[in-house]
Amino acid sequence: MKKEHIDYYVFHQANKFMLNTIRKICGIAKEQFYVRIEDTGNTTSSTIPIALKQCLDGHKIQKGQRVMIAGFGVGLSWAATILKF
């Protein structure tokens with residue numbers, strides 16, 4: 001699957017600088033990439049479900065869309081998947 005097949009991206013909300021750097025390096029449009037850590041901060045593993053809930057409440061994610069979620073942490077651990085809503 002290519003990035004053109006992904007409608008929206010929700011990554012672990014570690015910090016705003018890191019998220020914006022990842023988005024720019026990956027060439028993802030700002031409109032497709034969720035960054036909103038000012039409300040919750042870095043709540044470790046909870047950031048992705050919190051962000052998904054905020055996206056659903058704000059209608060950023062619609063039925064039928066493909067959303068990539070990705071988590072990363074200390075020691076170069078990471079995981080990602082694609083969800084279809």
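The four strands of this predicted model form an open sheet in the order β2-β1-β3-β4, with mixed pairing. At the edges stand β2 (33-34) and β4 (78-84), each with a single partner strand, so one side of each has no neighbour in the sheet. Between β1 and β2 the pairing is parallel and extends over two bridges; Val-10 has Tyr-34 in β2 as its bridge partner.

Helix α2 lies across β1, β2, β3 and β4 and runs at about 145° to β1.

The largest nonpolar core has ten residues, including Tyr-8, Val-10, Tyr-34, Ile-48, Leu-52 and Ile-69. At least two residues of this core come from each of β1 (8-11), α2 and β3 (66-72), and α2 provides the largest share, with four residues. Apart from this core lies another, of eight residues, with Tyr-9, Phe-33, Ile-37 and Ala-70 among them. In soluble globular proteins, nonpolar side chains tend to be buried together.

Two residues, Thr-47 and Ile-48, may be set side by side through their contacts, leaving aside neighbours within four places in sequence.

| Residue | Residues in contact |
|---|---|
| Thr-47 | His-12, Gln-13, Gly-41, Asn-42 |
| Ile-48 | Val-10, Phe-11, His-12, Ile-69, Ala-70, Gly-71 |

Thr-47 belongs to helix α2 (residues 47-57). Its relative accessibility is 2%, and Thr-47 therefore counts as buried, the cut-off being under 20%. The side chain of Thr-47 also makes a polar contact of 2.6 Å with the side chain of His-12.

Note on methods:
Residues are numbered from 1 along each chain as its sequence is written. This is a predicted model: local features need pLDDT of at least 70, side-chain atom pairs count only at pLDDT 80 or more; totals for chains, interfaces and linings use all residues. Side-chain values use heavy atoms; hydrogens and water are left out. Buried means under 20% relative accessible area, exposed over 50%, partly exposed in between (1.4 Å probe, protein chains only). A polar contact is a pair of N or O atoms within 3.5 Å; within protein, one must be able to donate a hydrogen and the other to accept it, and residues adjacent in sequence count only if both atoms are side-chain atoms. Contact means heavy atoms within 4.5 Å. A nonpolar core is a set of buried Ala, Val, Leu, Ile, Met, Phe, Trp, Tyr and Cys residues joined through side-chain atoms within 4.5 Å. Two strands pair if DSSP finds at least two bridges between them. Axes are lines fitted to C-alpha atoms, for helices over the stretch in contact, and angles run from 0 to 180 degrees between N-to-C directions.
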